[in-house]
Each structure stands twice: as structure tokens, then as C-alpha cells.
Amino acid sequence: MTSTPQAVRRASRARPAPIQPGPGGSLLPSPEPVRLIDESGKPVAGAANHVVPSANTLRELYRRMVIGRRFDLQSTALTKQGRLAVYPSSRGQEACQVAAVLALRPTDWVFPTYRESMALVSRGIDPVEVLTLLRGDWHCGYDPAAHRTAPQCTPLATQTVHAAGLAYGEAHQGRDTVALAFIGDGATSEGDFHEGVNFAAVFRAPVVFLVQNNRYAISVPLSRQTAAPSLAHKGVGYGVASEQVDGNDPLAVLAVLTRAVEHARSGNGPFLVEAHTYRMEPHTNADDATRYRKAAEVEEWVGRDPILRLEAYLRGLGALDDAAVAAVHAEAEAFAAELRSRMNAEPTVDPLTLFDHVYARPTPQLLEQREQVRAELAAARDEEVDA
Ligand SMILES: Cc1ncc(C[n+]2csc(CCOP(=O)(O)OP(=O)(O)O)c2C)c(N)n1
Ligand SMILES: [Mg+2]
């Protein structure tokens, strides 16, 4: 079903119409995650009801995934050099991070968690701005309105409610914007996830909920998180069409997300996608994952590397050769080198800005505290001069 923005607007005002089933004709996800290529990059039989993205689109997906991984590696290194306070890596989740961005229009909105730095870089946001919060600053670094990207959300699942509200508001004003909310497997146990998905379903808000099931919520494995047959199955209880996909199959992730975005944009209400993937690194640089998982398990997932998989597929197609691969890697190296040198420059931070933008009219207490900090800074400067 396709609707004009006016129709979406009318539908959102009227009594909720019956929920439309998803692409498979049912609200339930496929019994097995959708796959278009296997672990060696060979096309899988029986995937005919999914549209394989064009070679051009897949080459761009590959390029952004390689740059994304290099960015991720560089960011982890920056924590070791004391340039970042903390970094949650998404190495191994490149297919989800980049395909989500490619499935959207620049006018759509993204609601990321702390783990989505790679997706944000892929969306074209300056990497230094993306890392601002993780560097320890008090703001998110980039302009959310200009990039149509909400600040990276640390309180689990709260971004699902923000996404539902924004999507509902956009539809109400006659625009066909889609909001995509990233969320982790663990965060689907949060009350806010229930509220966000339920609100979006009842008011038919055009939201795509992308659950990256990377098997862990810090040290808590999926087996201790839910008794549901899959996280995608949670959709049916809310009347939300859902699908599960092999999150390390870049073709499948892009194909499924493209359909999910179309579903939402066409006025059919929200869509829930569960991408089965794996967190290759510890939760953050501050975590020791060897305390709760075996090296053999990590090794098994190394063999499912989404980048190598896409590369093998594109080579098989004749759409990628050694020279093209080398060019992409050279571009990724240059990207990391520039990021390194910009992040190694000493930041100039005025501590007094901490007090700006808290209230339109600062409270007397805040003014008092500001004055206290200002006096302390002035005294410290005087001491430096005397020394
Ligand atoms: C409301 C809330 N409770 C607890 C935390 C602490 N916390 C931070 S990350 C995390 C695990 C989240 O796991 P998951 O949703 O699977 O996302 P992942 O980190 O694996 O991407 C927890 C419990 C938090 N940030 N917010
Ligand atoms: Mg997780």
C-alpha cells in the first residue's frame, strides 16, 4: 500500500486503521534470518523474493564499511592514547551500521545509541564531531537538526520513544520522513522499548526499529535476556510487522532494511528488524570480555566477517578487483591519518561553557557555581604566572 503524505497525515489523525502485514504477508518474521549470500560470499538459493541491491550500491556499501572499520580501529587506538575517554566498538557490525544509513534518505532521521559512531560517520558527519561526546565533552558534537541525527543515546532504549514521537510528528505535518532507531538486544528488555514500539504501532508512526542482536549486553548473553523465539518475534505482540536477517550479510541487511523503510514511508506503520550479528570487541575499551566468553566463539564469528563476505561476492561478480580494493583501503588509511592528527591536537575547552545552555535564565545557584569556577580558574592562572 502506498500513500501520499496527506494520506499518512489523515491516517495518523483518524482512528488507527488495521495494521498492514509486512512484506512476507504476515506480521511474523521469517522462521530463519534472511540471507542472500553465504559466509563465502556465494549467492544463496531461495532468496528470490528479496531484491538484490545493484553492484554500484554494493560497491559503495563496501567502501563505507572498509572506511567504517578503519575509523573504528582508530577510535579504539585513541582510547589507548588517552585521546578518548571511552569507545564502544562496532567492529563486526559494519553491515548493519552502513546499510541502515544507505537505506535512508538524507531527510530521514536516525536515532543512534552510543555504539553507532560508525553509522554516523557513514552518514557524513565529521568524525571529530562524532567523537566529541566520547572525548568527554558535555555536548554531542554535531548539530542534530542539520544532520537529522539525534545525539547518541546512552540511557538504553529511550531513543525508541524519541524516534516514535518524531516520526508521528512528521507524519502529522504531512511529511513522509522515516525515523530509524538503532537498539541493542539487551535494550529490548527495557520499558522504553515497549513504549516506543507500542506508541509507534498504535499511531502508525513511520519508524524502523533496527535491533542489532550482537549476542551480548555487556556480559549478559542473549540466553539470559529473553525467552522469545527471536527478538523480531516481539513485533507481533504490538501489531508490528517484523523480519529477521543475517546481520553479517550486507546484501540481506540492505535489502531487508530498504523494504522496511519503504513499508514505513508508505503509511503502513512501523517495522521491526532484528539483525543477527556479533560484537567482535569488548563492550567498550573499559571491559574485559575474556571474563565471560570464550576465544573460540569470537574466532567463529571472525569467519563470518561481513566485509570479506561482500568483497568475495563483488569479486565473484567481476565488480571489484585488486586495484579497487587497494584504492578503498588507501582511502580508509588517509581517513584514519587525518582523524589521528586532528584528534591529537590539544582541544581548547573553556570550562565555563559548562554553565551555558542549561537554563534560558540561569538559576541563582548556577550563577553562584559559575562564579566559583571562574574564581578558581583565575586563581590557578595567577599561580602559573607567579611560578
Ligand atoms: C537505562 C539503562 N540501564 C543500564 C545501562 C547500563 N548499560 C550500558 S550499555 C548496557 C548493555 C546494553 O546492551 P545492548 O542493548 O545489547 O547493546 P550493545 O551494547 O550490545 O550494543 C547497559 C546495561 C544504561 N546505559 N541505561
Ligand atoms: Mg548487545
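## Charges and a metal site in a predicted model

In this predicted model, a salt bridge joins the side chains of E311 and R315, with 3.2 Å from N to O.

Me: Why is the contact between E311 and R315 called a salt bridge?

Reply: The cut-off is 4 Å between a side-chain nitrogen of Lys or Arg and a carboxyl oxygen of Asp or Glu. The N to O distance for E311 and R315 is 3.2 Å, so the pair is within 4 Å and qualifies.

Me: How are E311 and R315 placed in helix α13?

Reply: They are four residues apart in helix α13 (residues 306-317), which means a separation of about one helical turn.

Me: Are E311 and R315 buried or exposed, and how do you know?

Reply: Buried means under 20% relative accessible area, and partly exposed lies between that and 50%. E311 has 13%, so E311 counts as buried. R315 has 32%, so R315 is partly exposed.

Me: What makes R315 and D322 a salt bridge?

Reply: Their side chains meet at 2.7 Å, N to O, and the limit is 4 Å. D322 has a relative accessible area of 54%, which is over 50%, so D322 is exposed.

Me: What can be said of R374 and E371?

Reply: Their side chains form a salt bridge at 2.8 Å, N to O. Both residues lie in helix α15, three residues apart, about one turn of the helix. R374 has 35% relative accessibility and E371 has 40%, so each counts as partly exposed. Elsewhere, salt bridges that share partners join R35, E39, D246, E300, R304 and R309 into one network. The structure holds 22 salt bridges.

Me: Why is E384 called exposed?

Reply: Exposed means over 50%, and E384 has 64% relative accessibility, so the label applies. E384 is in helix α15 (residues 364-386). With D382, E383 and D386, E384 forms a negative surface patch.

Me: What makes D185, N214 and Y216 donors of the magnesium ion (ligand 2)?

Reply: The cut-off here is 2.8 Å from the metal. D185 (OD), N214 (OD1) and Y216 (O) lie 2.1 Å from the ion, so they count as donors. Along the chain, the donors follow the spacing D-x28-N-x1-Y. D185 is in the loop between β2 (179-184) and α9 (191-202), and Y216 is in strand β4 (residues 216-217), so the pair ties together parts 31 residues apart in sequence.

Me: Are D185 and Y216 buried or exposed?

Reply: D185 has 1% relative accessibility and Y216 has 8%. Both values are under 20%, so both residues count as buried.

How values were computed. Residues are numbered from 1 along each chain as its sequence is written. Chains are lettered from A and ligands numbered from 1 in the order in which they are written. This is a predicted model: local features need pLDDT of at least 70, side-chain atom pairs count only at pLDDT 80 or more; totals for chains, interfaces and linings use all residues. Side-chain values use heavy atoms; hydrogens and water are left out. Donors are N, O and S atoms within 2.8 Å of the metal (3.2 Å for Na, K and Ca); water is not among the atoms, so sites may look incomplete. Helices (H or I, at least four residues) and strands (E, at least two) are DSSP runs, numbered from the N terminus. Buried means under 20% relative accessible area, exposed over 50%, partly exposed in between (1.4 Å probe, protein chains only). Patches are made of residues with over 30% relative accessible area and no salt bridge: like charges are joined within 9 Å, nonpolar side chains (Val, Leu, Ile, Met, Phe, Trp, Tyr) within 5 Å. Accessible areas come from the Shrake-Rupley method with a 1.4 Å probe; for residues, only the protein chains shown count as cover. Lys and Arg count as positive and Asp and Glu as negative; His and the chain ends are not counted. The place of a charge is taken as NZ of Lys, CZ of Arg, CG of Asp or CD of Glu.
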